[in-house]
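Hello,

Here is the structure I said I would pass on. My notes on it follow below.

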Amino acid sequence: MFFVFCFFVFFPADVPEPPKDVKVMSRGSREVNISWIAGFNENSAIQNYTVEISEDRQTFRDAICQGTLLKNNCVIYSTRVSIRELLPWTTYYLRVFATNMIGSSNHSSVVNVTTDEEGALFLIF
């Protein structure tokens, strides 16, 4: 007599953990580069990340970034991004979400950055 035993281990999937350790890598007067570390994917691969931006830390909107997957949204595959179309000498607050097949994570910790001042333009007559 021959017996075959099969064991299936089921790991339930859930939304991913929020991205961790969001850092400002560099900044200019109209651009900021940030990076982060992926949180645990909760047994469902992370499909993309979304970056939001605010000037008051209360009302967040989609950031404008390089390499986005969707127009007018900052949706990307990588764990670093260049946020564009910013104003000089302005403080911004940034947060990141991870998305898998189940849904979106809570947001990461909020990081703040002040863009650089632009040089003055002098006209001589």
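**Notes on the model**

Arginine 30 sits in the loop that links S1 and S2. The model is a predicted one, and this loop residue serves as the starting point. With a relative accessible area of 41%, arginine 30 counts as partly exposed. Its C-alpha atom is 8.7 Å from that of glutamate 118, although the two residues are 88 apart along the chain. Glu118 is also among the residues that arginine 30 touches once those up to four places away in sequence are set aside; the others are Ile83, Arg84, Glu85, Leu86, Leu87 and Pro88.

As for the chain overall, the secondary structure consists of eight strands and zero helices. Of its 125 residues, 35% are buried. Among contacts with a separation of 6 or more, 61% are between residues 24 or more positions apart. The exposed surface is about 8500 Å², and carbon and sulfur atoms supply 55% of that area.

The strands on either side of the arginine 30 loop belong to an open sheet of three, ordered S1-S2-S6, with antiparallel pairing. S1 (20–27) and S6 (80–83) are the edge strands; each has a single partner strand, so one side of each has no neighbour in the sheet. From one strand to the next the twist averages 25°. S2 (residues 32–37) and S6 are joined by four bridges, and within this pair serine 35 has arginine 80 as its bridge partner.

S3 (residues 48–54) is the other strand I looked at in detail. Seven of its seven residues are buried, so S3 is largely enclosed by the rest of the structure. Both of its faces are covered: one carries Asn48, Thr50, Glu52 and Ser54, the other Tyr49, Val51 and Ile53. Its pairings are as follows.

- S7: seven bridges, antiparallel; glutamate 52 stands opposite arginine 95.
- S5 (residues 75–76): two bridges, antiparallel; tyrosine 49 is partnered by isoleucine 76.
- S4 (residues 61–62): two bridges, antiparallel; glutamate 52 is partnered by aspartate 62.

The S3 and S4 pair is a hairpin with six residues between the strands, and arginine 57 in the turn has a positive phi of about 65°.

Which side chain makes a polar contact with serine 54? It is that of aspartate 56, at 2.9 Å. A polar atom of the serine 54 side chain also lies 3.0 Å from the backbone oxygen of threonine 59. Serine 54 has a relative accessibility of 1%, and therefore counts as buried. Beyond four places in sequence, serine 54 touches Thr59, Phe60, Thr91, Tyr92 and Tyr93.

Last, the nonpolar core. The largest one has 20 residues, and those with the most contacts inside it are Ile34, Trp36, Val51, Val81, Ile83 and Leu94. Two or more residues each come from S2, S3, S6, S7 (91–99) and S8 (111–114). S7 gives the largest share, four residues. Isoleucine 34, leaving aside neighbours within four places in sequence, is in contact with ten residues' worth of chain that include Val51, Val81 and Leu94. Val22, Val24, Met25 and Val96 are also among the contacts of isoleucine 34, as are Lys23, Thr79 and Arg80.

Regards

Notes: Residues numbered from 1 in each chain as written. Predicted model: local features only at pLDDT ≥ 70, side-chain atom pairs only at ≥ 80, totals over all residues. Heavy atoms only, no water. Pairing = 2+ DSSP bridges. Axes fitted to C-alpha atoms, helices over the stretch in contact; angles between N-to-C directions. Buried < 20%, exposed > 50% of the residue type's maximum accessible area, 1.4 Å probe, protein only. Polar contact = N/O pair within 3.5 Å; in protein donor to acceptor, adjacent residues only side chain to side chain. Contact = heavy atoms within 4.5 Å. Areas by Shrake-Rupley, 256 points an atom, 1.4 Å probe, with all protein chains shown as cover. Core = buried A, V, L, I, M, F, W, Y, C linked by side-chain atoms within 4.5 Å.
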